[in-house]
Amino acid sequence: MASSKEYLDFILEQLSELEGISYRPMMGEYILYVRGKVFGGIYDDRFLVKPVKSAVSMMPDAARELPYEGAKEMLLVDKVEDKEFLRELVEAIYKELPAPKPKKSGAGPAAVI
């Protein structure tokens, strides 16, 4: 089952106090980014985030669910009505995520002289 645009719009509204939130559609689902880093997504109308230490500590009883078959487990966010909690959660997750990998250009390696 694909996620609805309405659920995506609801989650984006709940995250509207954060800077740099973006998304990318992917096979009927939505990957969520904060300032260029993937932190979670919308899968089958469920808001799932990466299970980094801060997310686990903020949601110790959160269900671990698969976004799709063959994927790594993610944490189900069930407090989607609480904007302040979501802001704190995403900011905490952001601090733990590695920097985004640079985009590859078709230029090849630089010449060494």
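Which pattern does the protein chain follow when read along the sequence? In this predicted model, the order of elements is α-β-β-β-β-α-β-β-α. The secondary structure of the chain thus comprises 3 helices and 6 strands. Taken along the principal axes, the box filled by the C-alpha atoms is roughly 55 × 30 × 30 Å.

The strands are considered next. An open sheet is formed by 6 strands, arranged in the order E1-E2-E3-E4-E6-E5, and their pairing is antiparallel. At the edges of this sheet stand E1 and strand E5 (64–65), each of which pairs on one side only. In general, the strands of a sheet pair through backbone hydrogen bonds, in either a parallel or an antiparallel manner.

Two of the strand pairs may be described in detail. E1 and E2 run antiparallel and are joined by 6 bridges. Within this pair, Arg-24 is placed opposite Ile-31 in E2. The two strands form a hairpin, with 2 residues between them. Met-27 lies in the turn of this hairpin and has a positive phi of about 50°. The pairing of E3 with strand E4 (residues 46–49) is likewise antiparallel and extends over 4 bridges. Here Tyr-43 is found opposite Arg-46 in E4.

Helices accompany the sheet. Helix H1 (residues 5–14) packs on the sheet and touches E1, E2, E3 and E4. The direction of H1 makes an angle of about 15° with that of E2. Helix H3 (residues 83–96) lies across E1, E2, E3 and E4, and runs at about 135° to E3.

The structure also contains 6 salt bridges. One of these is between the side chains of Lys-5 and Asp-9, with a distance of 2.9 Å from N to O. Both Lys-5 and Asp-9 belong to helix H1, where they are 4 residues apart, or about one turn of the helix.

Pockets in the model were examined as well. The largest pocket encloses about 440 Å³ of space. It is lined by 18 residues, and those closest to its centre are Ile-31, Tyr-43, Pro-67, Tyr-68 and Met-74. Strand E1 (21–26), strand E2 (29–34) and strand E3 (37–43) are the elements that each contribute two or more residues to this lining. By class, the lining of the largest pocket consists of 11 nonpolar, 1 polar and 6 charged residues. Two residues close to the centre have already appeared in the description of the sheet: Ile-31 in E2 is the residue opposite Arg-24, and Tyr-43 is the residue opposite Arg-46.

The second largest pocket has a volume of about 290 Å³. Its lining includes Arg-24, Tyr-33, Gly-36, Lys-37, Val-38 and Lys-50. Leu-97, Pro-98, Ala-99, Pro-100, Lys-101 and Lys-103 also line the second largest pocket. By class, these residues divide into 6 nonpolar, 1 polar and 5 charged. Arg-24, which lines this second pocket, is again the residue that faces Ile-31 across the pairing of E1 and E2.

Methods: Residues are numbered from 1 along each chain as its sequence is written. This is a predicted model: local features need pLDDT of at least 70, side-chain atom pairs count only at pLDDT 80 or more; totals for chains, interfaces and linings use all residues. Side-chain values use heavy atoms; hydrogens and water are left out. On a 1 Å grid over the protein atoms alone, a cavity is a set of points where a 1.4 Å probe fits but cannot get out, and a pocket is an open set with protein on both sides within 12 Å along at least five of seven lines; lining residues have an atom within 4 Å of a point. Grid points are joined across faces, edges and corners, and a volume is the space filled by probe spheres set on the points. Ala, Val, Leu, Ile, Met, Phe, Trp, Tyr, Cys and Pro count as nonpolar, Asp, Glu, Lys and Arg as charged, and the others, Gly among them, as polar. Two strands pair if DSSP finds at least two bridges between them. Contact means heavy atoms within 4.5 Å. Axes are lines fitted to C-alpha atoms, for helices over the stretch in contact, and angles run from 0 to 180 degrees between N-to-C directions. A salt bridge is a side-chain nitrogen of Lys or Arg within 4 Å of a carboxyl oxygen of Asp or Glu.
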